Protein chains: 2
Amino acid sequence: MRPEEAFGKVLRELRRKRGLSQEKLALEADLDRTFISLLERGLRQPSFSTILEISKILGVPAAHLVELAEAEMKKAP
Amino acid sequence: MRPEEAFGKVLRELRRKRGLSQEKLALEADLDRTFISLLERGLRQPSFSTILEISKILGVPAAHLVELAEAEMKKAP
DNA sequence: CTGTAGACTCAGGTCGACT
DNA sequence: TAGTCGACCTGAGTCTACA
């Protein structure tokens, strides 16, 4: 599983767990809604600061987001 | 402290602790030496996959790298 | 609410050369 | 060994619009 896919999967799971729409998340993270869509589908990858922004809104440390993505990648290398 | 600076600081510390030159790190991480230089000085920020590559060579989980950078940012917000 | 597409800007990342 | 410069190319991130 590629990094973008792993990140996208984790992002979608956490966002839904928070009951947030892509639009709401995008708005609060100061990003574009279409970009969140691309990220979740693994078609784009985030930069470091984007990871920080998103994790901030999701209410988890960025390290945790990354940890989940890494774990996801190890499932199906 | 901006994200790029925090990441750069942590990167430089870990790299030196490993006794690696920028060039060696760049070579193994499949990146450019000048880009490592820019990263360490906080003039550029890494993408997600770049964080993964670098942490792999440094022998730490990417989550740990991010964690250290986050901690660095909290020192002087 | 989300996926998608086109067009756009700017920064991520490369490369060669010089200090 | 590391910093820097200039040119270059790709991809991160935006915006509008439509299904």
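Here are three short exercises on this predicted model, each with a worked solution.

Residues are numbered from 1 along each chain as written, and chains are lettered from A in the order of writing. Because the model is predicted, local features need pLDDT of at least 70 and side-chain atom pairs count only at pLDDT 80 or more, while totals for chains, interfaces and linings use all residues; side-chain values use heavy atoms, without hydrogens and water.

**Exercise 1.** Work out whether the length of helix H1 (residues 3-17) of chain B agrees with its expected span.

*Solution.* Start from the DSSP run (H or I, at least four residues). Next, take 1.5 Å times one less than the number of residues. For the 15 residues of H1 this gives 21 Å, and the end C-alpha atoms are 21 Å apart, so the two agree. Just after the helix, B:Gly19 has a positive phi of about 70 degrees.

**Exercise 2.** Find how chain A is related to chain B.

*Solution.* Superpose the copies by least squares on C-alpha atoms of residues with pLDDT of at least 70 in both. A rotation of 180 degrees with 0.0 Å of shift along its axis does it, at RMSD 0.0 Å. The copies are thus related as by a two-fold rotation axis.

**Exercise 3.** Describe which polar contacts chain A makes with DNA strand D, including that of A:Ser47.

*Solution.* Look for pairs of N or O atoms within 3.5 Å. The side chain of A:Ser47 places such an atom 2.5 Å from a phosphate oxygen. A polar backbone atom of A:Asp30 is 3.4 Å from a phosphate oxygen. For a base nitrogen, turn to A:Thr34, whose polar side-chain atom lies 3.4 Å away.

Notes:
Helices (H or I, at least four residues) and strands (E, at least two) are DSSP runs, numbered from the N terminus. A polar contact is a pair of N or O atoms within 3.5 Å; within protein, one must be able to donate a hydrogen and the other to accept it, and residues adjacent in sequence count only if both atoms are side-chain atoms.
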